[in-house]
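Thanks for asking me to look this one over. My comments are below as numbered points, to be read with the structure open.

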Amino acid sequence: MYLTRSPISLDRLLAEVAHPALGGTCVFLGTVRDGPEEHGVTAIEYSAYEDMVEAEFGRLAADARGRWPDARIAVRHRLGTIPAGEASIAIVSAAPHRAQAFDACRFVIEEVKRRIPVWKKELRVDGTEVWVDPSGHPTVRPSDSPTHA
Amino acid sequence: MVRVRFFARYAELVGRAEAEVSLPLPATVGDVVRRVREDLPGGGKLPERPLTAVNLKHVKLDATVQDGDEVALLPPIAGG
């Protein structure tokens with residue numbers, strides 16, 4: 001399972017990839033950021049085309065297996081409202097040696113950002129909500145859009 | 001008949017998450033997008049060349065659409 005609406009358990013992901021033959025394990029966590037450029041982000045609301053996420057992630061995982069056949073990779077993406085500081089995505093890759101583990105982990109996060117249909121809306125301390133584009137910058141505020149039933 | 005799905009900001013722009021679109025088939029994804037932009041309230045606010053998927057796979061606008069397909073208009077992907 002790739003998507004979850006609960007906090008991500010890193011221990012569970014580590015257990016999924018652990019194997020005595022795999023001597024290097026790399027963990028990537030993406031967390032909801034409230035930095036100087038974010039203007040008071042309290043949380044991000046993540047939504048997805050869930051059926052396609054599962055299908056596309058299956059293809060992505062097959063691509064990763066083709067490149068690193070000895071690696072084991074586990075991924076979770078959390079959906080729903082995620083408070084600042086909590087993880088929205090976790091990727092754990094284990095391989096015989098560290099170079100493949102780092103490379104596989106990097107490959108997966110970059111492909112997720114390119115292929116997996118997930119979207120995020122920043123919820124800000126002033127009550128505004130802003131869709132975020134792939135460069136991490138706000139697009140338009142939903143309040144600029146027409147009201148609908 | 002083609003089922004069209006909208007997500008995130010695009011769903012807000014058209015005020016709905018999906019629509020049934022009828023057009024002469026086979027057509028291209030680009031034909032479906034044009035029909036949606038012309039016929040749906042708020043459709044004109046959608047981009048002319050959005051990211052698209054057919055039956056859960058990324059496709060380009062010249063991809064063929066058959067009866068019963070599910071076409072999705074995807075805002076710029078922003079996961080992770």
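Which side chain meets that of R115(A) in a salt bridge? Please keep in mind throughout that this is a predicted model.

1. **R115(A) and its partner.** The partner is E56(A), and the pair meets at 2.8 Å, N to O. R115(A) belongs to helix 3 (residues 98–115) of chain A and E56(A) to helix 2 (residues 50–67) of chain A, so the salt bridge ties together parts that are 59 residues apart in sequence. Both R115(A) and E56(A) are buried. As general background, side chains of opposite charge can pair when their charged atoms come close.

2. **Strand 4 and helix 1 of chain A.** A salt bridge also joins R76(A) to E16(A), with 2.5 Å between the closest N and O atoms. Here R76(A) sits in strand 4 (residues 72–78) of chain A and E16(A) in helix 1 (residues 10–17) of chain A, so the pair links parts 60 residues apart in sequence. The two ends differ in burial: R76(A) counts as buried because its relative accessibility is 14%, under the 20% limit. E16(A), by contrast, counts as partly exposed at 34% relative accessibility.

3. **R78(A), and a network.** R78(A) forms a salt bridge with E86(A), and their closest N and O atoms are 2.7 Å apart. R78(A) counts as buried at 7% relative accessibility, while E86(A) is partly exposed, with a relative accessible area of 32%. Elsewhere, salt bridges that share partners join E56(A), R59(A), D63(A), E111(A), R114(A) and R115(A) into one network. Over all chains the count comes to 17 salt bridges.

4. **T4(A) and what it touches.** You will find T4(A) in strand 1 (residues 3–4) of chain A. Leaving aside residues up to four places away in sequence, T4(A) touches R76(A), H77(A), R78(A) and L79(A). A polar atom of the T4(A) side chain lies 3.1 Å from the backbone nitrogen of S6(A). At 15% relative accessibility, T4(A) counts as buried.

5. **The contact between the chains.** How many residues does each chain bring to the contact? Chain A brings 33 residues and chain B brings 21. About 2,200 Å² is buried between chain B and chain A, and carbon and sulfur atoms give 62% of that area. Between the two chains there are 13 residue pairs in polar contact, counting pairs with both residues at pLDDT 80 or more. On the side of chain B that touches chain A, the elements giving two or more residues are helix 1 (8–14), strand 5 (57–59) and strand 7 (70–74) of chain B. Helix 1 of chain B gives the most to that side, with four residues.

6. **The salt bridge across the interface.** The rule finds one salt bridge across the interface of chain B and chain A. The side chains of E12(B) and K121(A) meet in it, at 3.1 Å, N to O. K121(A) is placed in strand 7 (residues 118–124) of chain A and counts as buried, because its relative accessibility is 7% and the limit is 20%. Within chain A, the side chain of K121(A) also makes a polar contact with the side chain of E129(A), at 3.5 Å. The C-alpha atoms of K121(A) and H77(A) are separated by 15 Å, with their positions 44 residues apart along the chain.

7. **Backbone spots to check in chain B.** In general, most residues other than glycine have a negative phi, and most peptide bonds are trans. The peptide bond from L25(B) to P26(B) is cis, with omega near 0 degrees, and P26(B) is in the loop between strand 2 (18–21) and strand 3 (27–28) of chain B. N55(B), although not a glycine, has a positive phi of about 50 degrees. L56(B) is not a glycine either, and its phi is positive at about 75 degrees. N55(B) is found in the loop between strand 4 (51–54) and strand 5 of chain B, and L56(B) is in the loop between strand 4 and strand 5 of chain B. N55(B) is partly exposed, with a relative accessible area of 41%, and L56(B) is partly exposed at 23%.

8. **A surface patch on chain A.** L14(A), V27(A) and L29(A) form a nonpolar patch on the surface, and together they have about 210 Å² of accessible area. V27(A) lies in strand 2 (residues 24–31) of chain A and is partly exposed, with a relative accessible area of 37%.

Notes
Residues numbered from 1 in each chain as written. Chains lettered and ligands numbered in written order. Predicted model: local features only at pLDDT ≥ 70, side-chain atom pairs only at ≥ 80, totals over all residues. Heavy atoms only, no water. Patch = residues over 30% accessible without salt bridge, like charges linked within 9 Å, V, L, I, M, F, W, Y side chains within 5 Å. Areas by Shrake-Rupley, 256 points an atom, 1.4 Å probe, with all protein chains shown as cover. Salt bridge = Lys/Arg side-chain N within 4 Å of Asp/Glu carboxyl O. Buried < 20%, exposed > 50% of the residue type's maximum accessible area, 1.4 Å probe, protein only. Contact = heavy atoms within 4.5 Å. Buried area = accessible area lost by both parts, 1.4 Å probe. Polar contact = N/O pair within 3.5 Å; in protein donor to acceptor, adjacent residues only side chain to side chain.
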